[in-house]
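Student: Could you walk me through this one while I have it open?

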Amino acid sequence: MRTAVAENVDDDLWSAIGDPTRRRMLDLLLSEGHGTATTLSQRLPVTRQAVAKHLVVLDRVGLVHATPAGREKQYRVDGAQLARAVAQLSSVGSEWDARLQRIRHIAESIQRTQRAVVFEDHEDDPAHQTGDMLRPGHAREDNEHR
C-alpha cells in the first residue's frame with residue numbers, strides 16, 4: 001500500500017542523492033557556488049570521468065544545471081530542486097515517525113495484555129485466592145506458635 005507521501009517522492013531524485021559521491025559533489029558545489037568536472041575531481045577521490053558521469057545524473061534529475069565555460073561546463077546547484085528534495089525528506093521522515101509511534105503503541109498494548117494474562121494465571125493459584133501466600137521462612141514461625 002503506497003501512501004500519499006510515498007506517491008509524491010521522486011525516486012530518481014532520491015536515487016541520485018543516495019550516492020555518497022554525488023552528495024559530496026553537491027556539498028562542494030553549494031559551498032563554492034559552482035564547479036566543473038575538473039575542479040570537482042581535484043577535491044574528490046574519483047577520476048574526472050567519474051565526476052562527469054555523476055554530474056550527468058545530477059543534471060538529469062534537475063539538482064544541478066550546466067552552463068558552457070570554455071571547453072568545460074560550469075555546474076551550479078538548483079536551489080528549488082534541492083528544496084523539493086528536502087521537503088520530500090521531511091515528509092517521509094514525518095510519515096516514518098508516525099509509523100514508529102503506531103508500532104510502539106501496538107507493542108505496549110501487547111505487553112500490557114501479556115502482563116494481564118500472567119497476572120490472571122497467578123490469580124488461579126490457591127495461595128493468591130486464600131491470602132496464604134507466605135514469605136520464605138514464615139511458615140516455620142506459624143508452626144512454632146501452634
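Tutor: A word on terms: a polar contact is a pair of N or O atoms within 3.5 Å, where within protein one must be able to donate a hydrogen and the other to accept it, and residues adjacent in sequence count only if both atoms are side-chain atoms. This is a predicted model, in which local features need pLDDT of at least 70 and side-chain atom pairs pLDDT 80 or more, while totals for chains, interfaces and linings use all residues. Residues are numbered from 1 along each chain as its sequence is written, and side-chain values use heavy atoms, without hydrogens or water.

Student: OK, so what does the side chain of Q88 make a polar contact with?

Tutor: The side chain of W14, at 2.7 Å.

Student: And is Q88 buried or exposed?

Tutor: Q88 is buried, with a relative accessible area of 8%; buried means under 20%, exposed over 50% and partly exposed in between, with a 1.4 Å probe and protein chains only. Q88 belongs to helix α6, residues 79–123, helices being DSSP runs of H or I with at least four residues and strands runs of E with at least two, numbered from the N terminus.

Student: Switching to α3, which residues are buried there?

Tutor: R22, M25, L26, L28 and L29. Seen down the axis of α3, they fall within an arc of 160° and so line one face of the helix, the arc being that of the directions from the helix axis to the C-beta atoms. On the other side of α3, P20 and S31 are exposed.

Student: What caps the N-terminal end of α3?

Tutor: D19 does, with a side-chain oxygen 2.9 Å from the backbone nitrogen of T21.
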